[in-house]
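Here is a colleague's note to read alongside the coordinates. The points below go through the aromatic pairs, one acidic side chain and the salt bridges.

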Amino acid sequence: MKDDAYYIRRCEILAEEAAAKGEAPVGSVITEGDVIISEAIEASKDKNDVTCHAELEAIRVAVKKLGTNDLSGCVIYSTHEPCIMCSYAIRFYKIKKVVFRHTIKYFGGISSPMPLLTVKEVPLHWSDVPVVFRLKSI
């Protein structure tokens, strides 16, 4: 079985691809069990759309591929801590676990003054707080 470090390494390869295209160096992977459901790179500049963060791009693909808005059986991996916008989507789509490498000081969904990923006061139709794990080294 593949471990968290395996998927973070894949995210880092995707991040290098994003950087080579002039994007922020962020890559994201979504798994269900031991299967990669989707993967994406940062695409905000390429698509001229601030919502095209790697995590949101991966979520869009996963929702379409699985044909559901319930991603409660999935894990999302990212090179960076999901921002507040991405954290909203993670909670809305009920992703059960989040694994990342680098924190984001001002707008991180965990480490910022607005920890949307880990607060319990959210709408009833959102998921419970997901398991959140920062993988500091691989």
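1. Phe92 is a handy place to begin, bearing in mind that this is a predicted model. Its relative accessible area is 28%, so Phe92 counts as partly exposed. Its ring pairs with that of Tyr88, and the two are stacked, with 6.3 Å centre to centre and 5° between the planes. Tyr88 is partly exposed as well, at a relative accessible area of 42%.

2. Do look at where this pair sits. Both Tyr88 and Phe92 belong to helix α3, which covers residues 84-92. They are four residues apart, or about one turn of the helix.

3. How many aromatic pairs does a search of the whole structure find? The search gives four. One of them is formed by Tyr6 and Tyr7, in an edge-to-face arrangement: the centres are 5.1 Å apart and the planes make an angle of 90°. Tyr6 is partly exposed at 34% relative accessibility, whereas Tyr7, with a relative accessible area of 2%, is buried. Please also find Tyr77 on your screen, since Tyr6, Tyr7 and Tyr77 make up one aromatic cluster.

4. Glu23 deserves a point of its own. You will find Glu23 in the loop between α1 (4-20) and β1 (27-32). Glu23 is buried yet takes part in no salt bridge. Why is there no salt bridge for Glu23? The nearest side chain of opposite charge, Lys45, is 5.9 Å away, and a salt bridge needs the nitrogen and the carboxyl oxygen within 4 Å, so Lys45 does not qualify.

5. What does the side chain of Glu23 reach instead? The side chain comes to 3.0 Å from the backbone nitrogen of Lys45. Leaving aside residues up to four places away in sequence, Glu23 touches Ala18, Glu42, Ala43, Ser44, Lys45 and Asp46.

6. Turning to the salt bridges, the count is six. One of them joins the side chains of Asp4 and Lys97, at 3.2 Å from N to O. This pair links distant parts of the chain: Asp4 lies in helix α1 and Lys97 in strand β4 (residues 97-102), 93 residues apart. Asp4 is buried, with a relative accessible area of 17%, while Lys97 is partly exposed, with 22%. The cut-off for buried is under 20%, so Asp4 and Lys97 fall on opposite sides of it.

7. Another salt bridge is the one between Lys21 and Glu17, whose closest N and O atoms are 3.8 Å apart. Lys21 is exposed at 57% relative accessibility, and Glu17 is partly exposed at 37%.

8. Which residue forms a salt bridge with Glu57? Lys47 does, and the closest N and O atoms of the two are 2.6 Å apart. Glu57 is in helix α2 (residues 54-66) and Lys47 in the loop between β2 (35-41) and α2, so the salt bridge ties together parts that are 10 residues apart in sequence. Is Glu57 buried or exposed? Its relative accessibility is 10%, so Glu57 counts as buried. Lys47, at 47%, counts as partly exposed. Finally, please show Arg60 too: salt bridges with shared partners join Lys47, Glu57 and Arg60 into one network.

Key. Residues numbered from 1 in each chain as written. Predicted model: local features only at pLDDT ≥ 70, side-chain atom pairs only at ≥ 80, totals over all residues. Heavy atoms only, no water. Phe/Tyr/Trp six-rings, centres within 6.5 Å; stacked < 30°, edge-to-face > 60°. Buried < 20%, exposed > 50% of the residue type's maximum accessible area, 1.4 Å probe, protein only. Helix = DSSP H or I, 4+ residues; strand = E, 2+ residues; numbered from the N terminus. Lys, Arg positive; Asp, Glu negative; His and termini not counted. Polar contact = N/O pair within 3.5 Å; in protein donor to acceptor, adjacent residues only side chain to side chain. Contact = heavy atoms within 4.5 Å.
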